[in-house]
Amino acid sequence: MYYNFYGPTGGGDEMATPGDFEMLLLFAILRLRDEAYGAGIRREIEERTGRSISPGAIYTGLDRLRSHGYVSSWEGDPTPIRGGRRKRFYRLEPAGEAAVRERWSELRAMPDRRRSPLGDLVPGAGELE
Amino acid sequence: MSGRPPPPVLARLLVRVVVPREDREFVLGDLEEDWREAVRERGRVRASTRYWSHALRTGVTYARHRVRARLRGAPPGPGRSGRPLDELQQDLAHGVRVLARSPGVSTLAVVTLAVGIGATTTALGLADALLVRPPAGVAGSEALAQVRFRAPHLEDDETGVSYRNVRDLEAARLPAVRSLVGWQRHVFQASVAGGPARTVTGAAVMGDYFGALGVTPASGRLLMASETGIGDAPAMVVLSRRGAEELFGEAERALGRTLELDAISFRVVGVAGAGFRGATRGGDSDLWIPFGMYPRVRRIPGEALAGRDRGSLHDVAVRMAPGASLEEAESQLRGAMGRLVEAFPEANARYEDYVPTLFRQVGLHPSTVERLKTTLFVVTAGALLVLLASCANVANLLIFRGLRREGESAVRQALGASRGRLLRQHLTESALLAAGGALLGMLLALLAQSLLSGAALPGAPPFEASGLDRRFVALALGAGAGTVLLAGLLPSVIVHRINMVRALKQSAPTATARRQGARNTLTALQLGLSIGLLGAALLLVRTHHNLRSVPLGFEPERVVEARLDPEPRGYDEAAGNAFQRELLDALGDAPAIEAAAAAAAGPLRAHLSTDLRRADDATEDWPVEAREDAVSPGYFDALGLRLVRGRTFSPEEMDAGWARRSDAAVVNETLARRLFGADDPVGRSALARGYRANTRLVVVGVVEDSRVRELDGPAEPALYRPLGEFWSNEVTVVARPARSPEEALVGLRAAVDRVDPRLPFYWSGTLSGRVAELTAEERLLSGLISVLALIAAILAGVGLYGLVAYTVAERHRDIGIRVAVGARRTELARWVLRQSLRAVAGGTALGLVTGWALTRVLQDRLYGVATLDPLSWSIAALGLILLVGAATLAPIRSALRVDPMEVIRTS
């Protein structure tokens, strides 16, 4: 295991499976496809979940995902609207896709469609699928 | 410039600092993208709030990320040690871990350092703004110097220099002098297109004024050297940006417009850039005209200022040639002046004594610089003492924590960590604390700046908050770096003197004693500094109070005054006299006023000095020097001054006064006593030499004493003459309000409007305002030192508390046993108090030394109070006793609560 100053950079088993927030990041990247960069991901999550998220959380979260091989990144061209700064785009790696698939099926497996306790809690939970 | 507003600078800086380099560009880009969208949708203010919130949360996220990563971090593995950068990283990580482990102590340390760093940054910032920073808009100030004509053997008395001599000096083409410029300040009455007049301070400038000062235009152009000379100067004016905005609404609209200045039309040719407001630091000039136009403004013939012996410029500056030193320039200018004296011995006679003297400081009069230096020195010294006290406090805290960690240190040493490495680790910790302290200290200093901004010292411009600029940050970081050494090194050395073996054996009586000694010394240092500061603060507070409560002879809050200058509106002496007579009539029935009068100078402004002697005095001596003012008959009544003998001026004497033929004089009690002793002075004659040569005066009345010029010093002899007797272009109207001062001022304005509504008031308000202005420096100084003393006292209290509380905690078992064997509560309390005794005794001794040193510096700043004022120092001593009481109360209570049974059970 090797650590750089900012966190784990490889190996290790701290993140056997991504946490809730990291899952949100993975889902957002999946949805955004070619437009998956920091600000876009944040907007996507904020708009869909109504949660307010700091850019720092996005980047530290993405950094963790990247260091565990769930996502990879590449850098775009500078744009004037960002004060001449570049964007860093993300895409899912096979491990990330697997994690999304796995979590999705886990979630799907839990509700009982005949007498759903979730139905009271979450409107529309019965229609998962 | 993209035309779009950039995101908040500070927030951006924050992100830049906390976000690691590999993410920085992308985070900043995201934030900027978001910012632009927010500006478009919700406006700038809400976008800024949003940016700040994102920046702060990002900061917290990254900081937490790092700490977590480090806390999980593995101990340094083989093959990685020895690389300095890695070690630094390890030290940092270790430091963060250690600080996070005792958050209470760390927070206290950071806050304490922040107070010290904040105070120091504020004080140094004040000194920087008032003494070091060049005037706004002036470029290359290192090659500038001001030139004063001083007589070294006449106590550095100063004189002005004529326009012609400055031209001649420049024409000499001295190798060390690139250009020589002068300017004459003048208060203009400015109006645009027949609108109402407003007073604007400006200057008539000669030579390549703007070029020499390195000023650049914001728009249009500046005046050229060829345009400023006496002769056929064009009626052109350059405005400051502020002046242009105030006069024309927008700076861009000013160019090419016509501006009436003292009833002469000028064309606006340019606006000066970079916030230039004159060569004075924090200057207040808003317009500049060619010197050649000055005679017209003053309504005097051009020749009056063109002669070698005519006119006197006091403000002259030199731009030295590249590489030339101040000394070279000075000696060359002196040589050239000497040649001018030889060439024109008659016109230049006085320059045999008065020689060009150069001062490095541009923008403030050298005497103001001298005075400010003392004041700022005292404030800075006070702030540094607070910094020292806060370092002592933190050092104490660190020793305290070091003691608790002595096991850890010993283990590390046993495992092979070198002493140097351990020391470095400690220093890294204190560097982290200092960095936190510096950041928080900067915030505190910014707060202090905003509180102080606008405060003005006499002769100096109002202090303007510099905000978070480069110099400010550098000062704060410098103070922070100082604390690393002061607060970090000492505890490191002390804690690491621990003998490893002894520490592991858990019995280290000598080491404990030594550390206890160090802690005692540090606490004594804090107490001493705070007592010294407290005493100095009290002396200054008493000085300020004394000055404010000097019996003035009148009640300042019951007198309002307003100053007018009819001359710029085209009044010559005859018209001015007529104006004053009309004004007196108008004042007679002004509303809301009980009594009103006019004076040439007015209360606390009489600067004119007149020598007097009894007419029957046969000697040629002039034994008495009095302050002279010319007043209307109702002056004494308006001020509430009682006539002790005789009467005030009669209408006939006033009439004679307008014709300059009156010999009537009213004197104050001090002058009467000095001239005539115990005799009745009414009807006696005196000779006066002052405004006019040898005048014979007859005393018609004696009025009670009042302060006429200064607040401190012995009673001043005062001579009053009928208002017409001397013409100074300005006139002061004073009034006793019938009801409120505000209404009375409205009444005064109405009276002036009836005579000439075009004349603005230069200054108006109650005389309390004038008194406050005269004591502004004392108020600021006493306020600042008091705040510093209070901070030092709080720090010392906390330090003492820490010392005693630690001792009590350490001796817990001891106390339990004492209680068990029957020690009484009073004995226990006394034992606890004794723990602070050495620190208190040492502190008192040191306090006396600090106090003595501070009062030595303050000596000339005190009024009506001795440096060894018993009251002030008793209060300081009482403060010390209260401090000791407050700091030991809690430890005493915890000592009394020790349960002997528990102690016995656990041991």
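Confidence in chain A of this predicted model bottoms out in strand β1 (residues 3-4) of chain A, with a mean pLDDT of 32. At the other end of the scale sits strand β4 (residues 88-92) of chain A, where confidence is highest, at 90. Averaged over chain A, pLDDT comes to 75, and 73% of the residues in that chain reach 70 or more. The start of the chain deserves some care: over residues 1-14 of chain A, pLDDT stays under 50. The model still has 26 contacts beyond four places in sequence for that stretch.

Now hop over to chain B and find helix α19 (residues 573-588) of chain B. What does α19(B) meet in α23(B)? Let's start with the geometry. Helix α23 covers residues 741-755 of chain B, and its axis comes within 9 Å of the α19(B) axis. The two cross at roughly 135°. Angles over 145 degrees would count as roughly antiparallel, so α19(B) and α23(B) end up oblique to each other. As for handedness, α19(B) passes α23(B) in a right-handed crossing. On the α19(B) side, the contact uses Phe579(B), Glu582(B), Leu583(B), Ala586(B) and Leu587(B). They meet Leu748(B), Ala751(B), Val752(B), Arg754(B) and Val755(B) in α23(B). Sort the contact of α19(B) with α23(B) by class and you get 8 nonpolar residues, 2 charged ones and no polar ones.

Helix α19(B) has another partner to look at, helix α21 (residues 651-658) of chain B. Here the axes come within 11 Å and cross at roughly 155°. That angle is over the 145-degree cut-off, which means α19(B) runs roughly antiparallel to α21(B). The crossing of α19(B) past α21(B) is right-handed. From α19(B), the residues making this contact are Asn577(B), Gln580(B), Arg581(B) and Leu584(B). Their counterparts in α21(B) are Met654(B), Asp655(B) and Trp658(B). By class, the contact of α19(B) with α21(B) has 3 nonpolar, 2 polar and 2 charged residues.

Last stop, the salt bridges. How many does the structure hold over all chains? The count is 48. One to pull up on screen is in chain B, where the side chains of Asp315(B) and Arg148(B) meet at 3.3 Å, N to O. This pair links distant parts of the chain, with the two positions 167 residues apart in sequence numbering. Asp315(B) belongs to strand β10 (residues 315-320) of chain B, while Arg148(B) is in strand β1 (residues 144-151) of chain B.

Terms used
Residues numbered from 1 in each chain as written. Chains lettered and ligands numbered in written order. Predicted model: local features only at pLDDT ≥ 70, side-chain atom pairs only at ≥ 80, totals over all residues. Heavy atoms only, no water. Axes fitted to C-alpha atoms, helices over the stretch in contact; angles between N-to-C directions. Helix = DSSP H or I, 4+ residues; strand = E, 2+ residues; numbered from the N terminus. Parallel < 35°, antiparallel > 145°, perpendicular 65-115°, else oblique. Left-handed = near helix turned anticlockwise from the far one by under 90°. Contact = heavy atoms within 4.5 Å. Nonpolar A, V, L, I, M, F, W, Y, C, P; charged D, E, K, R; others polar. pLDDT = per-residue confidence, 0-100. Salt bridge = Lys/Arg side-chain N within 4 Å of Asp/Glu carboxyl O.
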